Number of protein chains: 4
Amino acid sequence: VWFDELKRGRRRLEQARATIAVGKVSGAVGTFAHLPPAVEEHAMKLLGLAPAPASTQVVQRDRHAEVFQAIALVGTSIEKFATEIRHLQRTEVREVEEPFTSGQKGSSAMPHKRNPILSENLTGLARLLRGYAVAALEDVPLWHERDISHSSVERVIGPDATVVFDFMLHRFAGLMESLRVYPENMAKNLALLGGVVNSQRLLLELAKRGLDRQAAYVIVQRNAMKFYEENTDFKTALLGDAELLKVMTPKDIEACFTPDYHLRHIDAIFERVFGRS
Amino acid sequence: VWFDELKRGRRRLEQARATIAVGKVSGAVGTFAHLPPAVEEHAMKLLGLAPAPASTQVVQRDRHAEVFQAIALVGTSIEKFATEIRHLQRTEVREVEEPFTSGQKGSSAMPHKRNPILSENLTGLARLLRGYAVAALEDVPLWHERDISHSSVERVIGPDATVVFDFMLHRFAGLMESLRVYPENMAKNLALLGGVVNSQRLLLELAKRGLDRQAAYVIVQRNAMKFYEENTDFKTALLGDAELLKVMTPKDIEACFTPDYHLRHIDAIFERVFGRS
Amino acid sequence: VWFDELKRGRRRLEQARATIAVGKVSGAVGTFAHLPPAVEEHAMKLLGLAPAPASTQVVQRDRHAEVFQAIALVGTSIEKFATEIRHLQRTEVREVEEPFTSGQKGSSAMPHKRNPILSENLTGLARLLRGYAVAALEDVPLWHERDISHSSVERVIGPDATVVFDFMLHRFAGLMESLRVYPENMAKNLALLGGVVNSQRLLLELAKRGLDRQAAYVIVQRNAMKFYEENTDFKTALLGDAELLKVMTPKDIEACFTPDYHLRHIDAIFERVFGRS
Amino acid sequence: VWFDELKRGRRRLEQARATIAVGKVSGAVGTFAHLPPAVEEHAMKLLGLAPAPASTQVVQRDRHAEVFQAIALVGTSIEKFATEIRHLQRTEVREVEEPFTSGQKGSSAMPHKRNPILSENLTGLARLLRGYAVAALEDVPLWHERDISHSSVERVIGPDATVVFDFMLHRFAGLMESLRVYPENMAKNLALLGGVVNSQRLLLELAKRGLDRQAAYVIVQRNAMKFYEENTDFKTALLGDAELLKVMTPKDIEACFTPDYHLRHIDAIFERVFGRS
């Protein structure tokens, strides 16, 4: 999911780069009054830019806004990834963990705390990028398509947005390279509450055996809810449900709790995202 | 209008300052576990702050958001003023002009141009402030009311928003002090198109004389429109309108073109805004 | 913390209401050309409004922006509360739960799921309010302080922002009234990982006994980390730390794990927020 | 310039459409647990959509954000065009005019007023779109890449943003089709102030004749400024400047005031934007 989203992000950035990589030497009102288009074309070639097909005193600012929008959106995707890491690193979940060197101090007040500080930082930085994109959009409707009001904005958000974004990309890449992953905690979490994550599978199994969906739902839900009401775990509850046992054997029930069921199509998904190897 | 708006702005800033001028020494979860409230109260007194009545690990960020909102709104009022100056300085209007020293160069390409560069600059800077306020609002819903994601945001927008705003206030104050005002151009503009700005007064005058409003409207509009269609100015057109002359003498018509009519209540307005002297 | 924040929210809304509760009958350019100020004053009194001290063709839009900013900020505080509820309702945490009637169906696919759907909804709605505030701010710099461009904006965000906000307030109030709270889960969570939340208290206890802070930190951290590295809980680890036992008896150590330590100043905090009873 | 900008707008919208035209039938966590990918592919084909290569419970919201960003940016370009029309329709400029039927009433108070009401309306509507894009970006970082908080947002901004945008496109297209253009006013405005818009041409002419740029600038500027200081128009001032007359004959000076100079490269610009006919 992340790789696929970042492919879209890369496409957005490449498109934005193509949009912004233009220049103009067409004079103060864009008429080439004092220099012919050929000069502009020559100058742009030297700079590795394309000539803006039509310009006023300035290159039109929808081009710049597209860049800041792309930066804000890719930065927001990074926030999504960072949000996921923050959730997965919660003390109670702990399926992943940001790198933490053994000499590193934790919180000054609480030595045991291992906060996902890189991800929290990335979350905040994305807010800056969204704010810059708001300012960039307002730069588009210049008076007479060329007042100079965008200048003060771009002098600030030009360096700030690109520097923050560059920092985020590097921080995120570094974080991914050194992220600790704990598969055993993943397994433990999947088994929480007696494997209640498998409830849908049970539901479908009952439907296959001819129960109507509503009846199946009632059976599954009442056993799932026992955890909340009596602290009885899901599988235990199911194995003691007389009505259910009329339709499924204990062995049938056990068979609904295997994780490989969810992994059968993983190769197809990988092929879609990464292509055929 | 501006003074009245800036009074509201000052009130917003003062309120925001009171909201943010709090601190806390209540420990890592706000329970005063290791130091009693009295220490916090003493420390805050030394700092000229009030203790936050209830806190978590941090002072809650709605306080900070209020500050950035107030800055954004007052900065946007300055943009409104700057927008008005830009309009009034247009070559065709030129009722006011930003200071321009005789030695000062204008545009490098166009020596005659006198752009309202200060006001254009203020217009742009207000966009930055609005962007910062967007980021500040997103800082409020911290996880468990105290994740550290706001930190990276505040390190940037704290100095940036206050520095930009301070600069805007000084630039705007300086601009107002040295703004050139051209009353003769104001008079000229009011007389444009044969004083068509007085059309409403004529409309009411006709109504007073017993014409129904729709009939009065038709008379006034057809004479106002003559400027657009035949380049005949408004007053000239009126003085040649036979139907109108049945109701008003030329002298009555002339009497509708005096500017003092609009100034009769100026003292009442000033008293409302500035108080009784 | 929430009550205190909502007191600030109420103050913001009351202030915004006072700011917006003005009107004008001062004519097309605000000069009272055709009706004296007394008429305006009379009309406003009938409407329960104050006259805008100075106006143009319109009441200035910084007043409206203040309203939308206040709505966005209070709505964002509600998002903060909703975020907290969402965290506390996580399956692994479950200290609170949104109301869930026994007949109510959960997720259609997953009968066991009890999602904090009201809080998720409130989180989303706050985003709308922030977007409306962005549009409202842009309405302030009208051309000549009175173009009509704000009209199309206000016709949409006027009803939309107030309706969404009203809905949020009611939904949040209803949610609070029927929120299920599970103190036993709170106690369980505090005891997680061997009560590692008490690490700071231990740190200070060691400091009181003359250890320098760095040495104390090392002792506490190494025992806190044992959970992560060896799955040994914090208290057990401490009770087996020879170096620590030179300074504190097992009984001293046990004494650092009592929750009442954090509740000593609760009355003082309540008094600050709610006043003396 | 507008056509070229709208080509970029169309490209943005087409790209956004391709990004959003995906769907998923991959189950509650995106693993195809209960239905194989082939079912998804079949269903998407029927719907004219592509399968999202990898999904969670939902299609990832960066796709939606791209759509709202594209809408906001193209809407903002329309605001730029509308801003230009508003400027060009000013009473003092009047190079274009929105359609105004002879029966149509103007302002109720001021029968002569011909406000660019369509363009003012478009200006306001663009603000709405920018606000919606802010909300859409915040929808991206869902918890566990699939909380339901985006739902309340999308139910509002989905219809609102697309309806507003559709309305804007139609209103703008209709406006362009019936816009009145006044070339004679354009000519009049170019001649304003004695044709001071030709100052740069004069500057270059002097440079060609060997004057250093600074000396040329002083000559041109002092004559341009005479309008502001003595109300003498530019050409008249130049023709009376003894120092200038040493370098250029009156005929040479006159030759600098022809508009065709600015039109020499118009075919090249058209070819760039519209292609070879």
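**Figure 1. Helices α3(D) and α5(D) are roughly parallel to each other.** The model shown here, as in every view below, is predicted. Helix α3 covers residues 62-88 of chain D. The axes of α3(D) and α5(D) come within 10 Å. They cross at roughly 30 degrees. Angles under 35 degrees count as roughly parallel, so α3(D) and α5(D) fall in that class. The crossing of α3(D) past α5(D) is left-handed.

**Figure 2. Helix α4 of chain C meets helix α5 of chain D at an oblique angle.** Two packed helices are described by the angle between their axes and the distance between the axes. Here the helices belong to two chains: α4 spans residues 117-138 of chain C, and α5 spans residues 149-178 of chain D. Their axes come within 6 Å. The crossing angle is roughly 40 degrees. The pair is therefore oblique. In passing α5(D), α4(C) makes a right-handed crossing.

**Figure 3. A salt bridge joins B:Arg61 to B:Glu154.** Over all chains, the structure holds 92 salt bridges. In this one, the closest N and O atoms are 2.8 Å apart. The pair links distant parts of the chain, 93 residues apart. B:Arg61 sits in the loop between β2 (50-51) and α3 (62-88) of chain B. B:Glu154 belongs to helix α5 (residues 149-178) of chain B. Are these residues buried or exposed? B:Arg61 has 12% relative accessibility, so B:Arg61 counts as buried. B:Glu154 has 16% relative accessibility and counts as buried.

**Figure 4. B:Glu66 and C:Arg11 form a salt bridge between chains.** Which helices hold the two partners? B:Glu66 lies in helix α3 of chain B, and C:Arg11 lies in helix α1 (residues 2-20) of chain C. Their closest N and O atoms are 3.2 Å apart. B:Glu66 is buried, with a relative accessible area of 8%. C:Arg11 is partly exposed, at 24% relative accessibility.

**Figure 5. C:Arg130 and C:Glu79 tie two helices of chain C together.** The closest N and O atoms of this salt bridge are 2.7 Å apart. C:Arg130 is in helix α4, whereas C:Glu79 is in helix α3 (residues 62-88). The bridge therefore connects parts that are 51 residues apart in sequence. C:Arg130 is buried, at 4% relative accessibility. C:Glu79 is buried at 8%. Elsewhere, salt bridges that share partners build one network from A:Asp4, A:Arg8, A:Arg11, A:Arg12, D:Asp62, D:Arg63 and D:Glu66.

**Figure 6. Five residues of chain A make a nonpolar surface patch.** The patch is about 490 Å². The residues are A:Phe3, A:Leu263, A:Ile266, A:Phe270 and A:Phe274. Which helix gives the most to the nonpolar patch? Helix α13 (residues 266-274) of chain A does, with three residues. A:Phe3 comes from helix α1 (residues 2-20) of chain A. At 42% relative accessibility, A:Phe3 counts as partly exposed.

**Figure 7. B:Phe32 has a positive phi value.** The angle is near 55 degrees, in a residue other than glycine. B:Phe32 is found in the loop between β1 (22-23) and α2 (37-47) of chain B. Is B:Phe32 buried or exposed? With a relative accessible area of 2%, B:Phe32 is buried.

**Figure 8. C:Asn231 has a positive phi value.** Phi of C:Asn231 is near 65 degrees, and this residue is not glycine. Where is C:Asn231? The loop between α9 (213-230) and α10 (234-239) of chain C holds C:Asn231. Its relative accessible area is 58%, so C:Asn231 is exposed.

**Figure 9. The C-alpha atoms of B:Ile20 and B:Val67 are separated by 7.2 Å.** Along the chain, these two residues are 47 residues apart. B:Ile20 lies in helix α1 (residues 2-20) of chain B. B:Ile20 is partly exposed, with a relative accessible area of 27%.

Definitions and conventions: Residues numbered from 1 in each chain as written. Chains lettered and ligands numbered in written order. Predicted model: local features only at pLDDT ≥ 70, side-chain atom pairs only at ≥ 80, totals over all residues. Heavy atoms only, no water. Patch = residues over 30% accessible without salt bridge, like charges linked within 9 Å, V, L, I, M, F, W, Y side chains within 5 Å. Areas by Shrake-Rupley, 256 points an atom, 1.4 Å probe, with all protein chains shown as cover. Salt bridge = Lys/Arg side-chain N within 4 Å of Asp/Glu carboxyl O. Helix = DSSP H or I, 4+ residues; strand = E, 2+ residues; numbered from the N terminus. Buried < 20%, exposed > 50% of the residue type's maximum accessible area, 1.4 Å probe, protein only. Axes fitted to C-alpha atoms, helices over the stretch in contact; angles between N-to-C directions. Parallel < 35°, antiparallel > 145°, perpendicular 65-115°, else oblique. Left-handed = near helix turned anticlockwise from the far one by under 90°.
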